[in-house]
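Before you read the points below, please open the sequence and the structure side by side, so that each residue can be found in both.

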Amino acid sequence: MRASEPITDESFRREILAASFPKTTISLMAGKSIDNSWRTNVGGHDFFFPDALAKEPVYRVVGAPVSDIERCAASDVLAARVVEEKPSRTRELRFRVYGWPGTSSPPTAVLVIVQYRFLGAAPPGSCWSIARLLQVERGSEAWQVRGEFLLDTTHHSTLQGIQLIDLTGDGIEELVVESDDGGGGLRASDLIVIRLKNRRFEQWLNVPSRLHEWHGKEEGFVQTLDVRRSVGERGRRFCFQKTAFFADGSRLEKPLRTAPCYPKFTGPSARGGLLSPMK
């Protein structure tokens with residue numbers, strides 16, 4: 001069981017970012033920081049949604065939207081009703097880069113995790129901001145995006161967790177990422193396990209890690225991955241420590257603690273699974 005650390009060399013990071021967003025102008029927003037973490041009270045208990053990228057530098061990436069999801073996130077739903085809409089071209093972005101598990105060092109393939117929104121946009125709730133996972137490989141002359149996995153953008157604002165952990169004991173790490181979403185009367189984050197073997201994205205799990213629902217029957221819980229027990233399952237199941245603050249819509253006097261395990265492939269696709277690279 002091994003946890004990889006992100007690559008911090010700034011010149012390398014900038015090279016990878018340029019390959020991830022070709023035909024754009026990229027600049028560091030010096031002195032700028034973003035922390036989209038937030039907390040609330042659920043059932044009398046502190047309920048915290050962290051921001052995994054709070055300590056990362058912030059970049060401005062300028063270029064026309066290049067996909068349906070980018071055009072959605074760059075739109076202005078109010079302006080579109082009265083005048084011809086001019087979508088935003090400016091992304092406010094944070095990211096991490098990891099060497100692709102199971103490949104050489106220095107890497108010839110990397111995993112890029114990007115989170116961004118379009119400045120000046122007023123998009124619908126289906127695409128507030130974007131979180132993408134990219135497979136970027138070194139070709140004969142330059143780095144190029146070879147694969148992509150798009151996380152759910154519904155009422156999405158940030159990533160709560162990012163880890164690379166070998167959950168099967170085969171020496172190749174899986175990506176464990178937490179991403180928030182929501183809707184009317186609901187705020188949640190989902191924990192997603194993605195297999196990275198053979199340089200492709202394969203979703204193995206997608207379950208809520210935090211849930212606060214207050215419309216109708218109130219519900220609130222948090223569950224965290226139990227790495228030791230999950231490793232013992234060798235990828236067949238993934239085990240958690242769960243704390244619930246409500247049961248059947250009623251607040252519990254004492255939080256209920258359980259230890260559920262979920263079979264591989266539990267949960268919906270994050271956003272349609274493996275996608276072709278954005279052009």
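The numbered points below take up the disulfides, then one glutamate, then the nonpolar cores.

1. Please keep in mind throughout that this is a predicted model. A search of the whole structure finds two disulfides, and, when the bonded cysteines are counted along the chain, their pairing follows the pattern 1-2, 3-4. For a reader new to the term, a disulfide is a covalent bond between the sulfur atoms of two cysteines.

2. One disulfide is formed by Cys 72 and Cys 127, whose sulfur atoms lie 1.9 Å apart. Cys 72 belongs to helix H2 (residues 68-73), while Cys 127 sits in the loop between strand S6 (109-118) and strand S7 (130-138), so this pair ties together parts that are 55 residues apart in sequence. The torsion about the S-S bond of Cys 72 and Cys 127 is about -75°, and the disulfide is therefore left-handed. Both Cys 72 and Cys 127 are buried.

3. The other disulfide joins Cys 239 to Cys 261, with an S to S distance of 2.1 Å. Cys 239 is found in strand S14 (residues 237-247) and Cys 261 in strand S16 (residues 261-263), so the parts tied together here are 22 residues apart in sequence. The link of Cys 239 and Cys 261 is right-handed, with 105° about the S-S bond. Are the two cysteines of this link buried or partly exposed? Cys 239 counts as buried because its relative accessibility is 2%, whereas Cys 261, with a relative accessible area of 21%, is partly exposed.

4. Glu 178, which lies in strand S10 (residues 174-183), deserves a separate look. With a relative accessible area of 15%, Glu 178 is buried, and its side chain makes a polar contact of 2.8 Å with the side chain of Arg 210. Leaving aside neighbours within four places in sequence, the residues in contact with Glu 178 include Leu 159, Ser 189, Leu 191 and Arg 210.

5. The largest nonpolar core has 27 residues, and those with the most contacts inside it include Ile 16, Leu 93 and Phe 95. Among the elements that each supply at least two residues of this core are helix H1 (10-20), strand S4 (59-62) and strand S5 (90-99), but the largest share, five residues, comes from S6. Ile 16, leaving aside its neighbours within four places in sequence, is in contact with Val 97, Val 110, Val 112, Val 136 and Trp 143. Apart from this core lies another, of 21 residues, among them Leu 164, Leu 175, Ile 192 and Ala 270.

Conventions
Residues numbered from 1 in each chain as written. Predicted model: local features only at pLDDT ≥ 70, side-chain atom pairs only at ≥ 80, totals over all residues. Heavy atoms only, no water. Disulfide = S-S within 2.5 Å. Helix = DSSP H or I, 4+ residues; strand = E, 2+ residues; numbered from the N terminus. Buried < 20%, exposed > 50% of the residue type's maximum accessible area, 1.4 Å probe, protein only. Polar contact = N/O pair within 3.5 Å; in protein donor to acceptor, adjacent residues only side chain to side chain. Contact = heavy atoms within 4.5 Å. Core = buried A, V, L, I, M, F, W, Y, C linked by side-chain atoms within 4.5 Å.
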